[in-house]
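New to this structure? Here is a friendly walk through the empty spaces and the ligand, with a couple of backbone oddities at the end.

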Amino acid sequence: MANSIETFPFPFTKDQYEYTNNSSQLNPVRCVEVTGDYNSEIQLKRKLIEEHPERCYRSFRHSIEGQWEILKLLFHEIATYEPDHFTFERRGKEYRFQNLILGEEERFIDRDLSSIDSEPFDLAGRHVQEDLILMGDREGTLFLDAGQLCFPSNWSLAFAFGLDFKSIHTPVPRINQTGFIEKVERFIKRIRPGTAWERNNWSVTITNKLDTPLETYSEWGRSRLKVTEENVEDLLHLRVEIQRLYRLPLTNDVLFTIHTYLLSLKDMATNNEWLTRFFKNVETLTDDIAEYKGISLYKKPLMNYFEQKVKKD
Ligand code: HEM
């Protein structure tokens, strides 16, 4: 399920990659984005949630207040920015949300769990393309209190659920040793209520699947071993996550949204500037980051491909 090159958020601004907090404040404040792939991605999300609920949804009871806040926030946001496709209104105690793309209507009473079939966070996530994470801000840190995660890049919600910010990032090389992750945590803790920030993260997959959880690594991960100079153009996809952080004004929780985009190497190769940038970033990756991102296994055939391609053009 690759995205088109015209709307792909190409992430590289330099020729060399390092972990940075590349966050910028958003104006207007937006937590989610509706794209041309809405229908197919929502159908896939819902299928995954139905088939693998334990993998795709986790929440603590104490996150319910934040969940209600997020449900109303996201329904309000998409109805405001996509009025042709969504409506959201309040009549007395009842809220009514209409999804005109899917021909669906949700009616609920604020903070009354008996008025909805799933938890508020779960319901919100079924109408937006993003994966959603709710971080509780307490005891001087942030805890993963709820998540609806369908399209992870090789991590597990079941594993990260309940962990604090620093522990979640333990598998990432360097950032725990350099003080980087503490700095990022301080940055998030300082985000003011009602404001939103955006950053991107990239990785590479040898599949066009959006859902690459740790739990099914044995199914999608082994394709990394099959990469050759000849087939890499067909198999490899650049994966970019647009991540947004929003401080909820009422509960003070933090909403973290992840919108995932995929671009096939074949499509990227039609843009020489992008291909060269990507090549330089991969070429100069340190071994530990290349290993973490899963690139080490096929870095050689990928580099050979690039060299052939550059020579030909
Ligand atoms: C509260 C919001 C956030 C959550 C819940 C979160 C969660 C995660 C998770 C689950 C991973 C994968 C870890 C693994 O391999 O098991 C990750 C990776 C990472 N995170 Fe965060 N993160 C958040 C915010 C941020 C921010 C604001 C930064 C800013 C720099 C950041 C930097 C990174 C980096 C550099 C990686 C490695 C990514 C890669 O190389 O592909 N995270 N994060």
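What follows covers the ligand, the pockets, the cavity and two unusual spots in the backbone. Keep in mind that this is a predicted model.

**The ligand and its neighbours**

Let's begin with the ligand. It has 20 residues around it, and the closest of these are Tyr19, Trp155, His169, Tyr292 and Lys293. By class, this shell holds 14 nonpolar, 4 polar and 2 charged residues.

Which protein atom serves as donor to the iron atom of the ligand? The single donor is NE2 of His169, at a distance of 2.1 Å. As for where it sits, His169 belongs to the loop between H6 and H7.

His169 also turns up among the polar side chains that come up to the ligand, with one of its polar side-chain atoms 2.8 Å from a ligand nitrogen. Helix H6 (165-168), helix H7 (180-189) and strand E8 (196-205) are the elements that each give two or more residues to the shell around the ligand. Two other side chains reach oxygen atoms of the ligand: Tyr19 has a polar atom 2.6 Å from one, and Asn201 has a polar atom 3.2 Å from one.

**The pockets**

Now for the space itself. Where does the ligand sit? The space it takes is the largest pocket. That pocket holds about 1,100 Å³ of space. It is lined by 49 residues, and those closest to its centre are Trp155, His169, Val172, Gln243 and Tyr292. Trp155, His169 and Tyr292 are also listed with the residues closest to the ligand.

Quite a few elements help to build this lining. Strand E6 (131-138), strand E7 (141-148), helix H5 (157-160), H6, H7, E8, strand E9 (237-247) and strand E10 (254-264) each put in at least two residues. Which of them gives the largest share? That would be E8, with 6 residues.

The second largest pocket has a volume of about 270 Å³. Its lining is made of 14 residues, with Thr13, Tyr17, Glu18, Thr20 and Asn22 nearest the centre. Here, too, E8 provides the largest share, this time 4 residues.

**The cavity**

There is also some enclosed space. How many cavities of 30 Å³ or more does a search of the whole structure find? It finds 1, and the largest cavity has a volume of about 30 Å³. The residues lining it are Arg55, Leu149, Cys150, Pro152, Trp155, Ser156, Leu157, Pro213 and Glu215. Trp155 is a name you have met before, as one of the residues closest to the ligand.

Here is how the linings divide by residue class:

| Space | Nonpolar | Polar | Charged |
|---|---|---|---|
| Largest pocket | 30 residues | 13 residues | 6 residues |
| Second largest pocket | 4 residues | 7 residues | 3 residues |
| Largest cavity | 6 residues | 1 residue | 2 residues |

**Two backbone oddities**

Most residues other than glycine have a negative phi, and most peptide bonds are trans. Two places in this chain go the other way.

One is the peptide bond from Asn27 to Pro28, which is cis, with omega near 5 degrees. Pro28 lies in the loop between strand E1 (24-25) and helix H1 (38-51).

The other is Glu139: this residue is not a glycine, yet its phi is positive, at about 50 degrees. You can find Glu139 in the loop between E6 and E7, and both of those strands supply at least two residues to the lining of the largest pocket.

Note on methods: Residues numbered from 1 in each chain as written. Predicted model: local features only at pLDDT ≥ 70, side-chain atom pairs only at ≥ 80, totals over all residues. Heavy atoms only, no water. Near = heavy atom within 4 Å. Polar contact = N/O pair within 3.5 Å; in protein donor to acceptor, adjacent residues only side chain to side chain. 1 Å grid on protein atoms, 1.4 Å probe; cavity = no way out; pocket = protein on both sides within 12 Å on 5 of 7 lines; lining within 4 Å. Sits in = over half its atoms within 2 Å of the grid points. Nonpolar A, V, L, I, M, F, W, Y, C, P; charged D, E, K, R; others polar. Points joined across faces, edges and corners; volume = space filled by probe spheres on them. Donors = N, O, S within 2.8 Å, 3.2 Å for Na, K, Ca; no water.
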